[in-house]
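Okay, thanks for coming, everyone. Let me put the sequence and the model up on the screen, and then I'll walk you through a few spots.

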Amino acid sequence: MARRRRGLPVNGVLLLDKPGGMSSNHALQRARRLFQAQKAGHTGTLDPMATGLLPVCFGEATKFSAHLLAADKVYRTRVELGAVTDTGDAEGEVVERPAVPALTAADVEGVLERFHGEIEQIPPMYSALKHQGRKLYELAREGKSIERAARRVTVYDARLLAFEGHAFELEVKVSKGTYVRTLAEDIARALGSGGHISMLRRLATGPFDGDSLGGKGMLSLEALEALPDQAAREAVLLPVDVLVEHLPRLEVDAAAAQRLTHGQSARLDAAGVAVGETPRLYCDGAFLGLGAVTSPQEVAPKRLLSTAAD
């Protein structure tokens, strides 16, 4: 007999404001305990030193969390010139102290223009990428350095927010897989110096930002702990289907919903949704999950809520 999962069947998406000095997994487990949730997962890690938006998926939402892994991100960061660290951030050891030329805000803005669009980026050794089954940061802590292939990433925007001569703050919008630490190091080198980041905050990921969706913005662990009860905590969650709102919507009738939720294809008019596309399916306004359009008159089940058949 299968073991019963401990906890409550909580479903939804929490926009957690991760604190600094805590791993993403630790923050996830803290949130899971607060919600007494049976199942939880996040949609992409933040460095321990980083703060900001960490979407946490509970229950049925974990089935659709992969849709956020490839999402674009927005960060605010502070770059300190004149000190290069082995980790690329303020938590590492200083390995070089290059001179800092006399710079102006216009100099920084001019260099930022060169980093807009597709760029080549070599992932840092202090990252969770794996080499022969081991994470690179584990090898880095042993003093080892592994050759890493350059990756193409996209910087959609890089704006100067503040300039203080030896330090400046940026807001950047970047594609999946972009390392802001590495971007900052490359910008510092292009300015004729070297540097590291001393602050990193994620402001947005995919469709979510700090003020997302009906006022349900980011909440800290302290704010969640201060809520009076379970009902109040669950009230701050976003619905499961916010993770797939970028997909086309398809309404199905009760008969089609019955077939789909029992693993069978259903005949219906899928006009407006191309063959091969993945629509989100609804019946009487209730989200069922995702389907696959196999012909203009047929949809097959792809990834449905466990509760859809109830």
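I'll go through strands, then a helix, then a few single residues.

Some housekeeping before that. What you see is a predicted model, where local features need pLDDT of at least 70 and side-chain atom pairs count only at pLDDT 80 or more, while totals for chains, interfaces and linings use all residues. Residues are numbered from 1 along each chain as its sequence is written, and side-chain values use heavy atoms, with hydrogens and water left out.

When I say helix or strand, I mean a DSSP run, numbered from the N terminus: helices are H or I with at least four residues, strands are E with at least two. Two strands pair if DSSP finds at least two bridges between them. And if you're new to this, strands of a sheet pair through backbone hydrogen bonds, either parallel or antiparallel.

Let's begin with a sheet. Which strands form it, and in what order? Five strands make an open sheet, running E14-E16-E17-E18-E15, and the pairing is mixed. Strand E14 (249-251) and strand E15 (266-267) sit at the edges with a single partner strand each, so one side of each has no neighbour in the sheet. E14 runs parallel to strand E16 (residues 280-283), joined by three bridges. Glu 251, for example, has Tyr 282 in E16 as its bridge partner.

Stay in that sheet and find Gly 289, which lies in strand E17 (residues 286-295). Buried or exposed? Here buried means under 20% relative accessible area, exposed means over 50%, and partly exposed is in between, using a 1.4 Å probe and protein chains only. Gly 289 has a relative accessible area of 0%, so we call it buried. Contact means heavy atoms within 4.5 Å. Leaving out residues up to four places away in sequence, Gly 289 touches Phe 64, Pro 279, Arg 280, Leu 281, Arg 303, Leu 304 and Leu 305. Glu 245 is 44 residues from Gly 289 along the chain, and their C-alpha atoms are separated by 11 Å.

Now over to strand E3 (residues 51-58). Seven of its eight residues are buried, so E3 is largely enclosed by the rest of the structure. Who does E3 pair with? Strand E1 (residues 12-18) pairs with E3 in the antiparallel sense, over seven bridges, and there Leu 16 stands opposite Leu 54. Strand E2 (residues 40-42) also runs antiparallel to E3, with three bridges; Ala 40 has Phe 58 as its bridge partner. Then there's strand E12 (residues 195-205), which is parallel to E3 and joined to it by two bridges. Gly 52 is partnered with Arg 202 in E12.

Just along from there, Glu 60 is in the loop between E3 and helix H2 (66-69). Glu 60 is buried, at a relative accessible area of 7%. Its side chain makes a polar contact of 3.1 Å with the side chain of Lys 63. A polar contact is a pair of N or O atoms within 3.5 Å; within protein, one must be able to donate a hydrogen and the other to accept it, and residues adjacent in sequence count only if both atoms are side-chain atoms. Not counting residues up to four places away in sequence, Glu 60 touches Asn 11, Val 240, Leu 305, Ser 306 and Thr 307.

Next, the helix. Arg 181 is in helix H5 (residues 180-190). Nine of the 11 residues of H5 are buried, so the helix is largely enclosed by the rest of the structure. Arg 181 is among them, with 5% relative accessibility. A polar atom of the Arg 181 side chain lies 2.9 Å from the backbone oxygen of Thr 87.

Glu 185 is in H5 too. What is the nearest side chain of opposite charge to Glu 185? Lys and Arg count as positive and Asp and Glu as negative; His and the chain ends are not counted. It's Arg 189, 4.9 Å away, and Glu 185 is buried yet has no salt bridge. A salt bridge needs a side-chain nitrogen of Lys or Arg within 4 Å of a carboxyl oxygen of Asp or Glu. Just after H5, Gly 192 takes a positive phi of about 85°.

Last stop, cysteines. How many disulfides are there? Zero, where a disulfide is a pair of cysteine sulfur atoms within 2.5 Å,. Cys 57 is buried at 0% relative accessibility, and Cys 283 is buried at 12%.
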